[in-house]
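Colleague: I'd like to learn how to read a model like this one, feature by feature. Could you walk me through it?

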Amino acid sequence: MNVEEEVERLKEEIQRLGQIQPDGSYKVTFGVLFNDDRCANIFEALVGTLRAAKKRKVVTYDGELLLQGVHDKVEITLKATPA
């Protein structure tokens, strides 16, 4: 699976697990994503996929590197897709 496909899958999983916001974006915490069984089966390197998505301005979150346990409460925002 290439990076673009992984980012697309990440978007789907954030929509599945996250809460939709009034502006059309979705929010989910890193802990929810990291501890989800389906995400664990899809993503070999969830942190790497998140960094790639952040670089492409698909998601936003505070910090550079997210670590399980330490950053479980960090909110990841999937930006709203333009209509």
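Modeller: Happy to; we will go through the sheet, a helix, the core and a few single residues. Keep in mind that this is a predicted model.

Colleague: Let's begin with the sheet. How many strands does it have, and in what order?

Modeller: The general idea is that strands of a sheet pair through backbone hydrogen bonds, either parallel or antiparallel. Here the sheet is open, with 4 strands in the order 1-2-4-3 and antiparallel pairing. Strand 1 and strand 3 are the edge strands, each pairing on one side only.

Colleague: How many bridges join strand 1 to strand 2?

Modeller: Strand 1 (residues 19–20) and strand 2 run antiparallel and are joined by 2 bridges. You can follow the register residue by residue: glutamine 19 has lysine 27 as its bridge partner in strand 2, and isoleucine 20 stands opposite tyrosine 26.

Colleague: What does the backbone do in the hairpin of strand 1 and strand 2?

Modeller: That hairpin has 5 residues between the strands, and glycine 24 takes a positive phi near 95 degrees there.

Colleague: And how many bridges does strand 2 make to strand 4?

Modeller: There are 4 bridges between strand 2 and strand 4 (residues 75–78), and these two strands also run antiparallel. Within this pairing, threonine 29 is opposite glutamate 75 of strand 4.

Colleague: Which residues of strand 2 are on its covered face, and which on the uncovered one?

Modeller: In strand 2 (residues 26–29), Tyr26 and Val28 make up the covered face, while Lys27 and Thr29 make up the uncovered one.

Colleague: Now to helices. What span should helix 1 have, and how far apart are its end C-alpha atoms?

Modeller: The check uses the rise of 1.5 Å a residue: the 15 residues of helix 1 (residues 3–17) should span 21 Å. The end C-alpha atoms are 21 Å apart, so the two values agree. At the start of helix 1, look for asparagine 2: one of its side-chain oxygens comes to within 3.1 Å of the backbone nitrogen of glutamate 4.

Colleague: Which residues of helix 1 are buried, and what do they pack against?

Modeller: The buried ones are Glu6, Val7, Leu10, Lys11, Glu13 and Ile14. They pack against several elements, among them strand 2, helix 2 (30–35), helix 4 (46–55) and strand 4.

Colleague: That leads us to the core. How many residues does the largest nonpolar core have?

Modeller: In soluble globular proteins, nonpolar side chains tend to be buried together. The largest nonpolar core in this model has 21 residues, and those with the most contacts inside it are Leu10, Ile14, Leu33, Leu50, Val59 and Ile76. Helix 1, strand 2, helix 2, helix 3, helix 4 and strand 4 each give two or more residues to this core, and its largest share, 4 residues, comes from helix 4. For a close-up, select isoleucine 14: beyond four places in sequence, it touches Tyr26, Val28, Leu33, Val59, Ile76 and Leu78.

Colleague: Glutamate 13 was on your buried list. What is glutamate 13 in contact with?

Modeller: Glutamate 13 has a relative accessibility of 1%, so it counts as buried. Leaving aside neighbours within four places in sequence, its contacts are Asp36, Arg38, Cys39, Ile42 and Phe43. Now turn to isoleucine 42, which is found in helix 3. Isoleucine 42 is buried too, with a relative accessible area of 14%, and beyond four places in sequence it touches Arg9 and Glu13. The C-alpha atoms of isoleucine 42 and glutamate 13 are separated by 9.6 Å, although these residues are 29 apart along the chain.

Colleague: One last feature: how many aromatic pairs does the structure hold?

Modeller: The structure holds 1 aromatic pair. The ring centres of phenylalanine 30 and phenylalanine 34 are 5.5 Å apart and the planes are at 50 degrees, so the pair is tilted. Both residues lie in helix 2, 4 residues apart, about one turn of the helix.

Colleague: Are phenylalanine 30 and phenylalanine 34 buried or partly exposed?

Modeller: Phenylalanine 30 is buried, with a relative accessible area of 0%, whereas phenylalanine 34, at 33%, counts as partly exposed.

Definitions and conventions:
Residues are numbered from 1 along each chain as its sequence is written. This is a predicted model: local features need pLDDT of at least 70, side-chain atom pairs count only at pLDDT 80 or more; totals for chains, interfaces and linings use all residues. Side-chain values use heavy atoms; hydrogens and water are left out. Buried means under 20% relative accessible area, exposed over 50%, partly exposed in between (1.4 Å probe, protein chains only). Two strands pair if DSSP finds at least two bridges between them. The expected span of a helix is 1.5 Å times one less than its number of residues. Contact means heavy atoms within 4.5 Å. A polar contact is a pair of N or O atoms within 3.5 Å; within protein, one must be able to donate a hydrogen and the other to accept it, and residues adjacent in sequence count only if both atoms are side-chain atoms. A nonpolar core is a set of buried Ala, Val, Leu, Ile, Met, Phe, Trp, Tyr and Cys residues joined through side-chain atoms within 4.5 Å. Rings of Phe, Tyr and Trp (its six-membered ring) pair if their centres lie within 6.5 Å; planes under 30 degrees apart count as stacked, over 60 as edge-to-face and the rest as tilted.
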